[in-house]
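Here are some notes for a colleague who is opening this entry for the first time. They are set out as numbered points, to be read beside the sequence and the model.

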Protein chains: 2
Amino acid sequence: MGEWRKKIREVTPYVPGEQPQFADMIKLNTNENPYPPAPGVAKVLAGMDAGKLKLYPKPDARELVDALAAEYRVAPEQIFVGVGSDDVLGMAFLTCFTGEKEILFPDITYSFYPVWAELFGIRYRTPALDENFLIRKEDYFVPNGGIVIANPNAPTSIAMPLADIEEIVEKNQDSVVIIDEAYVDFGGESALPLVEKYDNLLVVQTFSKSRSMAGMRIGFAIGSRELIGAMYAVRNSYNSYTMNYPSILCGVEAVKDRAYFEQTKAAIVTTREKTADRLCELGFTVLPSAANFLFVSHKRISAEELFGKLREKHIFVRFFKKPRIQNYLRVTVGTPEEMERFLKEIEACLADMP
Amino acid sequence: MGEWRKKIREVTPYVPGEQPQFADMIKLNTNENPYPPAPGVAKVLAGMDAGKLKLYPKPDARELVDALAAEYRVAPEQIFVGVGSDDVLGMAFLTCFTGEKEILFPDITYSFYPVWAELFGIRYRTPALDENFLIRKEDYFVPNGGIVIANPNAPTSIAMPLADIEEIVEKNQDSVVIIDEAYVDFGGESALPLVEKYDNLLVVQTFSKSRSMAGMRIGFAIGSRELIGAMYAVRNSYNSYTMNYPSILCGVEAVKDRAYFEQTKAAIVTTREKTADRLCELGFTVLPSAANFLFVSHKRISAEELFGKLREKHIFVRFFKKPRIQNYLRVTVGTPEEMERFLKEIEACLADMP
């Protein structure tokens, strides 16, 4: 009796970041965009024919794939779409990493990589970032079962030059190299131009950050037809219809409005730079950010203490109790008004300090 | 060079059923509901605040889970929600079936079961339905690594009495038993009342059929807290946020409107019975259906030929070129008007026959 417990899969539960719900809160903890999605999204939602929900969506999410193909100038067959970039990356791990050799990704990077590796039984090794939190490209010039690089990296916010990315891809043509570009629109150099040259390269992006659509769950990957085809073969063996009808229609609107996209991106970059300057003046070390967040550390006050003090004021930032980065906070770039209040509270905290 | 191809996962691509797009078509091939979702769904969509899409949805899809918990009188911790019941079943396979022993499901059943088993490397055996396409419960009274029963079964449409389901669950308390109730609302007896008694039982249902929401991709499972907790541990190790904001809000509306749910269900059952009677009069064998589709066979005209003739008239039904059922068609129950046209075309086909 009850032996079924011994047959089920045991995983260490991944605990998602907190999603606090206070009316007066300033939410700078999950790298969401402070601006609403493109105006066309609201229009499409309001005018949506609910009657169409009775039918299955197109399994290939055709309209969305076509919009992305036009925007990024690739063939529709080179685009994989999924339920947020986590779904896309998870499917990519499941599809691309099944070999005997270890896959490689940095010791400090997106915390989901080891979780997927463990879930799917993929061995991995994590070369350490250097003392400035930079990825050492040479660490990836060794035999491996695959490579995953977040560029810009998280939570460090630091981007790697495209030439270095290309060198990694070029030297690893016998493995799939995944470049996770969740934050690339805020200042990184995308590896998309390399996709035509290297059929082992998979570039993953998301609508959750630069396109203000975290709530809609849309991510995508661009790669060679062969690689994307392999991912769809696995995906269709799991769930043929993952993109629901609203996500397909609203996703198209978000892609089409390039002016709004550029405008909100620029606003965030401006706010980021101003916030970084102010934080430096307040004695913070601020890593050079190419993302929509800052990774910061202070000499006098510990990250954990500052995290707690901000939390009391309903300002939520992200603290990772992990080796090497336990004295850093990851702070999402919000609106100018939000960052103003954030900075005021920081000043107050520092003034309180002995 | 190009050795990455040897490292990736090879699967036989699962080909989703066709989704034809003709203005005049009658679509009876994917068991969709012919009626729109509950009126509240359209209202919620039209009034949705697109600005909220910038934020991640609640990872636990709280409002939707609470609505289901209230409707089915279980604790929220006993409910798992996913992107259609395919996502829920896929996660259930990944979570529950990892043992050394073969899992069991019928030879003729939902065609995704062997696909998931192969994707996740789960061994399986498929006891044959009897000559009347009934599941022989005794086939499941043997040591196994898990059991999956669709009830009503697909594509046969036949329901198994709850007492037999209970006997299978009762005799297999050392395995997880999944009862896939995608079609149960149209006439089957749900195993939900057994969930309190057996902690190895997982009941899976969907919004795609009886709740007219195939386009929104919502499925759910109900089971013991322990089993549901194990599923969330795996799910959260894959993707923390699978349910997007519109699906959570619209799902709640679909669950709340019990009167509409009962009314559309009753309409479909009435149409089903009338259609079945007419088909019998036309010389068809019609299996006793407890679902929103009919599984039918004719002595004079082959299923493949009839499928082709209906297709020419833009009437789409489902034909499975598989042993034992290659002379059957699966016909979704549409509106009375749709079934009238379907029957007229059938009559014309039969009249044309020598």
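**Notes on the two chains, the fold and the largest pocket**

1. Chain A is superposed on chain B by a rotation of 180° with 0.0 Å of shift along its axis, and the RMSD is 0.0 Å. The two copies are thus related as by a two-fold rotation axis. Within chain A, the C-alpha that lies nearest this axis belongs to A:Ala46, at 2.1 Å from it. Both copies use the same surface, since 100% of the contact residues of chain A recur in chain B. Please keep in mind throughout that this is a predicted model.

2. Turning to the single chain, the secondary structure of chain A amounts to eleven helices and 13 strands. The C-alpha trace of chain A spans about 60 × 60 × 55 Å along its principal axes. For 354 residues a compact globule would have a radius of gyration near 20 Å, and the 21 Å of chain A therefore agrees with that expectation.

3. Two further values describe how chain A is packed. Of its 354 residues, 64% count as buried. Among the contacts in chain A with a separation of 6 or more, 72% are accounted for by residues that are 24 or more positions apart.

4. Where does the model contain a cis peptide bond in chain A? Such a bond joins A:Asn151 and A:Pro152, with omega at about -5°, and A:Pro152 has its place in the loop between β5 (146-150) and α6 (162-170) of chain A. In chain B, the peptide bond from B:Asn151 to B:Pro152 is cis, with omega near -5°, and B:Pro152 is placed in the loop between β5 (146-150) and α6 (162-170) of chain B.

5. Two residues of chain B deserve a look at their backbone angles. B:Phe133, although it is not a glycine, has a positive phi of about 65°, and this residue is found in the loop between β4 (124-125) and β5 of chain B. Is B:Phe133 buried or exposed? Its relative accessibility is 8%, and residues under 20% count as buried, so B:Phe133 is buried.

6. The second of these residues is B:Arg217, which is not a glycine either and has a positive phi of about 60°. B:Arg217 is located in the loop between β7 (201-206) and β8 (219-223) of chain B. With a relative accessible area of 3%, B:Arg217 is buried, charged side chain notwithstanding.

7. The remaining points concern open space in the model. Rolling a probe the size of a water molecule over the atoms shows where empty space is left. The largest pocket has a volume of about 710 Å³. It is lined by 43 residues, of which B:Tyr14, B:Tyr110, B:Ser111, B:Phe112 and B:Arg330 are the closest to its centre.

8. Which helices of chain B each supply at least two residues of the lining of the largest pocket? They are α4 (84-96) and α5 (112-119) of chain B, and α4(B) gives the most to this lining, with four residues. Sorted by class, the lining of the largest pocket holds 22 nonpolar, twelve polar and nine charged residues.

Key: Residues numbered from 1 in each chain as written. Chains lettered and ligands numbered in written order. Predicted model: local features only at pLDDT ≥ 70, side-chain atom pairs only at ≥ 80, totals over all residues. Heavy atoms only, no water. 1 Å grid on protein atoms, 1.4 Å probe; cavity = no way out; pocket = protein on both sides within 12 Å on 5 of 7 lines; lining within 4 Å. Points joined across faces, edges and corners; volume = space filled by probe spheres on them. Least-squares fit on C-alpha atoms with pLDDT ≥ 70 in both. Contact = heavy atoms within 4.5 Å. Rg over C-alpha atoms; globule rule 2.2 N^0.38 Å. Buried < 20%, exposed > 50% of the residue type's maximum accessible area, 1.4 Å probe, protein only.
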